[in-house]
Structure formats: C-alpha cells, structure tokens
Amino acid sequence: MPSEFPIPIPPLPLPEAVPLAWYLILSAILFSLGVAGFLFRRNIITVFMSIELMLNAVNLTFVAFSYHLKSVDGHIFSFFVMVIAAAEAAVGLAIILTVFRNRQTLEIDEVSSLKL
Amino acid sequence: MDALLFLTFATIAVACAINLVLQTHPIASALSLVGVMGSLAVLYLLLGGEFIAAVQVIVYAGAIMVLFVFVIMLLNAAAEKKTKKPALRAVVAVPLLFTFLMLVAYLIQTQVPKGPGVQFGGFSGGSPADIGRALFTTYILPFEITSVVILIAILGAVVLARKEV
C-alpha cells in the first residue's frame with residue numbers, strides 16, 4: 001500500500017496525458033538517427049537497416065496523428081508502409097546477396113563501378 | 001502513468017537507435033533494431049493501435065528482422081573495418097542533422113495544436129475489426145494493388161537470387 005510506505009514518494013512532475021508533440025519529436029529523433037546511420041555506416045546491411053528505422057519513425061507519426069484525429073486512416077497508411085517495407089526487404093536483401101556474390105564485399109565504398 | 005510509460009519506452013527506442021548507428025557489427029545493429037521495433041509496438045498500444053502493434057511485432061520484428069539476420073549469417077558479415085579519416089558526408093551530416101532536428105522540434109512545438117493529449121483508451125478505433133472494415137471498403141483498391149506489389153517483389157527476389165545473375 002502506498003500510504004504505509006515509510007518514505008513518501010514525491011509526485012513526479014509529469015503531465016497526466018502525453019502531449020502529441022512528444023510523439024512527433026520522438027519520431028523526428030528516430031528519423032534523424034536513421035539518416036545518420038544511412039550516412040555514417042559503410043556496411044550495406046546496416047545502411048539498409050537504417051532505412052527500416054526511418055520507415056518506423058514515419059509509422060509512429062502516422063499512428064500518433066491517427067489518435068489525434070480519432071480516425072483509422074493513419075493505421076491503414078502505417079499498415080501499407082509495413083507491407084511495402086516487407087517487399088523492399090525481400091528485394092533489397094536479394095540485391096545484397098547478388099552484390100556479395102559478384103564482388104565478395106559488403107562495403108558500400110568499394111561498390112563504385114558507376115562512379116565517374 | 002501514461003507519461004511514465006511513454007518516457008520509458010521512448011528512452012529505450014532512442015537508446016537502441018543510437019546503438020544501431022554506433023555499432024560496427026551488423027548483428028548488433030539488427031538486435032538494436034529489434035529493440036526499437038518492440039518499444040515502438042508498446043507506443044502503438046498506448047496510442048490505441050492494437051492491430052498495428054501486433055503487426056509491428058509479427059511482421060517487422062519477426063519476419064523482416066529474421067530475414068536480415070538470416071542474410072547477415074549467410075554472408076558471414078564481419079565488423080566494419082576502421083578507416084583513417086571519416087568520409088566527407090559524415091563530417092557534413094552532423095551539423096545538418098542537428099539543425100534539421102532543432103527546426104522540426106521548433107515547428108512541432110509551435111504548429112501542432114494543443115489538444116487534450118494522448119491518454120490510453122482515448123481512441124479505440126484501431127482494433128482488427130475497424131482496420132479490416134476500412135481496408136476492405138474504403139481502401140480496397142490500394143489493398144489489391146499491394147498484393148500485386150508483393151507478387152512482383154517475390155518474383156524479383158527469386159530472379160535476383162538465381163545462380164547465373
């Protein structure tokens with residue numbers, strides 16, 4: 001029971017309801033981290049996972065706005081994003097397999113035949 | 001309670017995302033991505049998206065990440081080699097990304113309407129029944145096109161993964 005607890009716990013200065021802006025800012029942070037991973041990492045698989053992180057951040061925005069507007073449309077969009085991400089993962093990983101088979105490397109800087 | 005849950009899982013998500021970017025071995029990055037997806041599923045539940053939360057865990061954290069880990073294992077991917085100097089894009093990206101993030105945060109704080117905020121149970125339109133109704137009435141055409149897209153993706157993956165390419 002909280003009343004019998006020896007030390008009274010001070011109430012945390014947290015709002016009762018989470019502002020919508022917190023969800024959007026979390027989404028922006030995750031998206032920026034995805035862009036950072038896309039730019040910094042040189043392993044092609046990690047770059048691909050950073051893209052998935054960006055898609056997840058966008059999904060969070062869709063679902064948060066869906067709550068705000070009290071409409072199911074955002075969930076549908078987020079569902080379609082997931083489906084397209086699954087298709088993209090299948091094709092992208094097949095391309096990664098082919099690149100590795102032809103070049104024996106996963107470093108994106110070494111796959112530069114199209115560079116002038 | 002809502003704010004505490006949000007902050008807990010938002011912290012986990014951001015920590016896992018930072019770990020994804022900083023780890024050099026792809027397997028560590030993949031496991032961090034699973035952490036991000038799991039905590040995002042909890043946030044979807046807080047927002048009233050039961051179906052999306054379940055799909056997030058089953059399709060994203062389950063199927064897609066298993067595919068990633070499978071490919072990492074198959075290719076025997078090792079940790080990235082250290083380079084002497086960072087690439088130009090990495091040097092330019094940090095201030096640009098920081099500026100972008102601050103700009104977005106400012107815009108969100110000023111432009112997003114101050115509603116009553118998000119409370120668990122405030123929206124219950126994300127159940128599988130509601131999603132299914134919207135998917136098979138309003139969004140029937142995109143839904144059917146999606147099946148064609150997936151068929152093409154399967155064919156593409158099979159063609160690309162053949163021996164002779």
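Let me start with the two helices called α3, one in chain A and one in chain B, which in this predicted model have axes that come within 11 Å of each other and cross at roughly 5°. Angles under 35 degrees count as roughly parallel, and α3(A) and α3(B) are therefore roughly parallel to each other. In chain A the helix covers residues 73-103, while its partner in chain B covers residues 50-75.

Which residues of the two helices meet? On the chain A side, the contact includes H75(A), S78(A), F79(A) and M82(A), and further along α3(A) it also includes L93(A), I96(A), L97(A) and F100(A). On the chain B side, the residues of α3(B) that take part include F51(B), I52(B), V55(B), Y60(B), L67(B) and L75(B). Sorted by class, this contact of α3(A) with α3(B) has 19 nonpolar residues, two polar ones and no charged ones.

Let me now turn to chain B as a whole, which has six helices and zero strands, so that, by the definition of these elements, the order from the N terminus on reads α-α-α-α-α-α. As for its dimensions, the C-alpha atoms of chain B fill a box of roughly 50 × 40 × 25 Å along the principal axes. The radius of gyration of chain B is 20 Å, whereas a compact globule of 165 residues would have one near 15 Å.

Finally, a word on how chain B is packed. Buried residues make up 25% of its 165 residues, and, of the contacts in chain B with a separation of 6 or more, 63% are between residues 24 or more positions apart.

Key:
Residues are numbered from 1 along each chain as its sequence is written. Chains are lettered from A and ligands numbered from 1 in the order in which they are written. This is a predicted model: local features need pLDDT of at least 70, side-chain atom pairs count only at pLDDT 80 or more; totals for chains, interfaces and linings use all residues. Axes are lines fitted to C-alpha atoms, for helices over the stretch in contact, and angles run from 0 to 180 degrees between N-to-C directions. Helices (H or I, at least four residues) and strands (E, at least two) are DSSP runs, numbered from the N terminus. Angles under 35 degrees count as roughly parallel, over 145 as roughly antiparallel, 65 to 115 as roughly perpendicular and the rest as oblique. Two residues are in contact if their C-beta atoms, placed from the backbone, lie within 7 Å. Ala, Val, Leu, Ile, Met, Phe, Trp, Tyr, Cys and Pro count as nonpolar, Asp, Glu, Lys and Arg as charged, and the others, Gly among them, as polar. The radius of gyration is taken over C-alpha atoms; the globule rule is 2.2 Å times the number of residues to the power 0.38. A residue is buried if 20 or more other C-beta atoms lie within 10 Å of its own, exposed if 12 or fewer, and partly exposed in between; C-beta atoms are placed from the backbone.
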